[in-house]
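Visitor: Can we go through this one together? I'd like to start with how the helices pack.

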Amino acid sequence: MIKDLATDVQGTTMGDPERSGGERSEAPRSGGSSMVERRSSGSGEKVPDPEVVARPKRRQFRAEYKLRILREADACKGTGEIGALLRREGLYSSHLVLWRRQREQAAHAQLKSRKRGPKPKAQDPRVKQLEREKARLERRLKHAETIIEIQKKVHELLGIPLKNLDSDEND
């Protein structure tokens, strides 16, 4: 065994090629099975493939966890304590920056003055358009009624008889 270690440190012996030209020391990276069959000491068990997954699953953190980590980070006073916390939890400093920003935004939103009373319900944009059109038509109707009232007074002053509108409706 000592002889084997010595040859590993010094390299291979003279004249022995390390590997032939077309061979690779790594397993092929085709989209095959994630399990590589290796026979160790005659047993037929499968060993997991050491290849890294192509798309790792994105980690998601709960709000309680984020707040706990932020409280612990804020409590850190000594040199290197935050780094130790991040290493222990498997986090990056960018997580702390993002989570602190989220905490400040949430606190700011809570402190904003809000209108009293029930929340306004979301309306369809068509409803707003119809309300504007209704208001416009009501203004035109009021204008037309004013003109009709003036015409009635003019007819009365000049003594011109008006036709009875009731008789027109029956026709």
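Visitor: At what angle do H2 and H4 pack, and how far apart are their axes?

Guide: H2 and helix H4 (residues 93–111) pack at an angle of about 105°, and their axes are 10 Å apart. Axes here are lines fitted to C-alpha atoms, for helices over the stretch in contact, and angles run from 0 to 180 degrees between N-to-C directions. H2 and H4 are therefore roughly perpendicular to each other, a label for angles of 65 to 115 degrees, where under 35 is roughly parallel, over 145 roughly antiparallel and the rest oblique.

Visitor: Which residues of H2 and H4 make the contact?

Guide: H2 contributes Tyr-65, Lys-66, Leu-67, Ile-69, Leu-70, Ala-73 and Asp-74, and H4 contributes Leu-96, Trp-99, Arg-100, Gln-102 and Arg-103. Contact means heavy atoms within 4.5 Å. The residues of this contact divide into 7 nonpolar, 1 polar and 4 charged. In that split, Ala, Val, Leu, Ile, Met, Phe, Trp, Tyr, Cys and Pro count as nonpolar, Asp, Glu, Lys and Arg as charged, and the others, Gly among them, as polar.

Visitor: Before going on, what kind of model is this?

Guide: It is a predicted model, where local features need pLDDT of at least 70, side-chain atom pairs count only at pLDDT 80 or more, and totals for chains, interfaces and linings use all residues. Residues are numbered from 1 along each chain as its sequence is written, and side-chain values use heavy atoms, with hydrogens and water left out.

Visitor: Back to Lys-66. Is Lys-66 buried or exposed?

Guide: Lys-66, in helix H2 (residues 63–75), is buried yet has no salt bridge. Buried means under 20% relative accessible area, exposed over 50%, and partly exposed in between, with a 1.4 Å probe and protein chains only. A salt bridge is a side-chain nitrogen of Lys or Arg within 4 Å of a carboxyl oxygen of Asp or Glu.

Visitor: Where is the nearest side chain of opposite charge to Lys-66?

Guide: That is Glu-64, 9.8 Å away. Lys and Arg count as positive and Asp and Glu as negative, while His and the chain ends are not counted. Leaving out residues up to four places away in sequence, Lys-66 touches Phe-61, Trp-99 and Gln-102.

Visitor: And what does His-95 touch?

Guide: Apart from neighbours within four places in sequence, His-95 is in contact with Arg-59 and Phe-61. His-95 lies in helix H4 and is buried, at a relative accessible area of 17%.

Visitor: New topic: how many salt bridges are there?

Guide: The count comes to 6. One of them pairs Arg-103 with Asp-74, the closest N and O atoms being 3.1 Å apart. This pair links distant parts of the chain, with Arg-103 in helix H4 and Asp-74 in helix H2, 29 residues apart.

Visitor: Which residues are joined into one network?

Guide: Arg-68 bridges to Glu-72 with closest N and O atoms 2.8 Å apart, and Arg-88 bridges to Glu-89 at 3.4 Å. Salt bridges that share partners join Arg-68, Glu-72, Arg-88 and Glu-89 into one network.

Visitor: Last one: how many helices and strands are in the protein chain?

Guide: There are 6 helices and 2 strands. These are DSSP runs numbered from the N terminus, with helices being H or I of at least four residues and strands E of at least two. Of the 171 residues of the protein chain, 7% count as buried.
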